[in-house]
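Q: Please examine closely how the aromatic side chains are arranged along the helices of this model. Please then extend the account to one further helix and a residue within it.

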Amino acid sequence: MATVQHFGHASPEAFRIHAVPTSRPFLWIARGWEDLWRHPAASLAHGLLVAVLGALILAFSVHPYAIATAGCGFLLVGPLFAFGPCELSRRIERGETADFGAALAPLRHRATAITAFGATLLMLGAAWLVLSWWMLETMLGSAAPAWAQTMWGDVLTHLGASQLMSYAAVGAVLAAIVFALSVVSVPMMLDSGADARTAMLTSLRVTFRDLPAMLVWAVLVVVLVAAGFATFLLGMVFVFPLLAHATWHAYRDLVK
């Protein structure tokens, strides 16, 4: 049974990290699936919220800058909304009440850490917007297409191969950074009372300490999220809480 500890501003080195087999991410998914169906209404409610918000974000993503903005929105929303399902998994493990209302408790008790974590993700998202603008307008020597050109057409037809590759590369780098900072940050802030800085630095330690397993975990996340998008975000109703629950079990295996 998990024990809540209050490390506050403790050094990241105060938390011991453990190596896991490369195949362990599959077990996290299996355990997350079990948690999802223990309290399906509360879990799927979080997935529905993310799917609806995602649909709103993507509704007008017809321009490179709008796509970057939408990507930033998802990178920001995803880890922050994971607090709810992670809290459900924590309560399930402790044998406590686990419902939608209980999942919102971290918003009150961990507000400072959540805000700091969100601010970090927001700054990374802003960096992507700036890099995207600089790359399309300056580095490639070709301005982004006008909004009028892409509003009623396919944005991909207005970008060259080099632009698409560079644009995707910038997004991939940002996504990798967010992933490394978020591997165990959310459940760690919930369970130990760690501040955002300690949780993110511990996530970085975990990522580099268990790089093979983290690469497998990252691939699983990408595949499942892609499946969520491929189903016009209907699949995201299930994919999001599944990944959030699995993140709790990743934390329990990786940080002691």
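A: In this predicted model, Trp33 and Trp37 are separated by about one helical turn, because they stand four residues apart in helix H1, which covers residues 24-38. An α-helix has 3.6 residues a turn, so residues three or four places apart point the same way. The structure holds four aromatic pairs. In the pair formed by Trp33 and Trp37, the ring centres are 5.5 Å apart and the planes meet at 70 degrees, so the arrangement is edge-to-face. The cut-off behind this assignment is an angle over 60 degrees. Ring pairs also bring in Phe238, which joins Trp33 and Trp37 in a cluster.

The accessibility of the two tryptophans of H1 can be stated as well. Trp33 has a relative accessible area of 42% and is therefore partly exposed. Trp37, at 39% relative accessibility, likewise counts as partly exposed. A further ring pair is made by Trp248 and Tyr251, whose centres lie 5.5 Å apart with planes at 50 degrees, so this pair is tilted. Trp248 and Tyr251 belong to helix H13, residues 236-254, where they are three residues apart, about one turn of the helix. Both Trp248 and Tyr251 are buried.

The further helix is H11, which spans residues 196-209. Its 14 residues reach 20 Å from the first C-alpha to the last, close to the 20 Å expected at 1.5 Å a residue. At the start of H11, a side-chain oxygen of Asp195 comes to within 3.1 Å of the backbone nitrogen of Arg197. The buried residues of H11 include Ala196, Thr198, Ala199 and Met200. Thr202, Ser203, Val206 and Thr207 are also among the buried residues of this helix.

Thr207 serves as the residue for closer inspection. Its relative accessibility is 7%, and Thr207 therefore counts as buried, the cut-off being under 20%. The side chain of Thr207 reaches the backbone oxygen of Ser203 at 2.9 Å, and Ser203 is itself buried in H11. With residues up to four places away in sequence left out of the count, Thr207 touches Ala180, Val183 and Met214. Thr207 thus combines a polar contact to Ser203 with contacts to Ala180, Val183 and Met214.

Terms used:
Residues are numbered from 1 along each chain as its sequence is written. This is a predicted model: local features need pLDDT of at least 70, side-chain atom pairs count only at pLDDT 80 or more; totals for chains, interfaces and linings use all residues. Side-chain values use heavy atoms; hydrogens and water are left out. Helices (H or I, at least four residues) and strands (E, at least two) are DSSP runs, numbered from the N terminus. Buried means under 20% relative accessible area, exposed over 50%, partly exposed in between (1.4 Å probe, protein chains only). A polar contact is a pair of N or O atoms within 3.5 Å; within protein, one must be able to donate a hydrogen and the other to accept it, and residues adjacent in sequence count only if both atoms are side-chain atoms. Contact means heavy atoms within 4.5 Å. Rings of Phe, Tyr and Trp (its six-membered ring) pair if their centres lie within 6.5 Å; planes under 30 degrees apart count as stacked, over 60 as edge-to-face and the rest as tilted. The expected span of a helix is 1.5 Å times one less than its number of residues.
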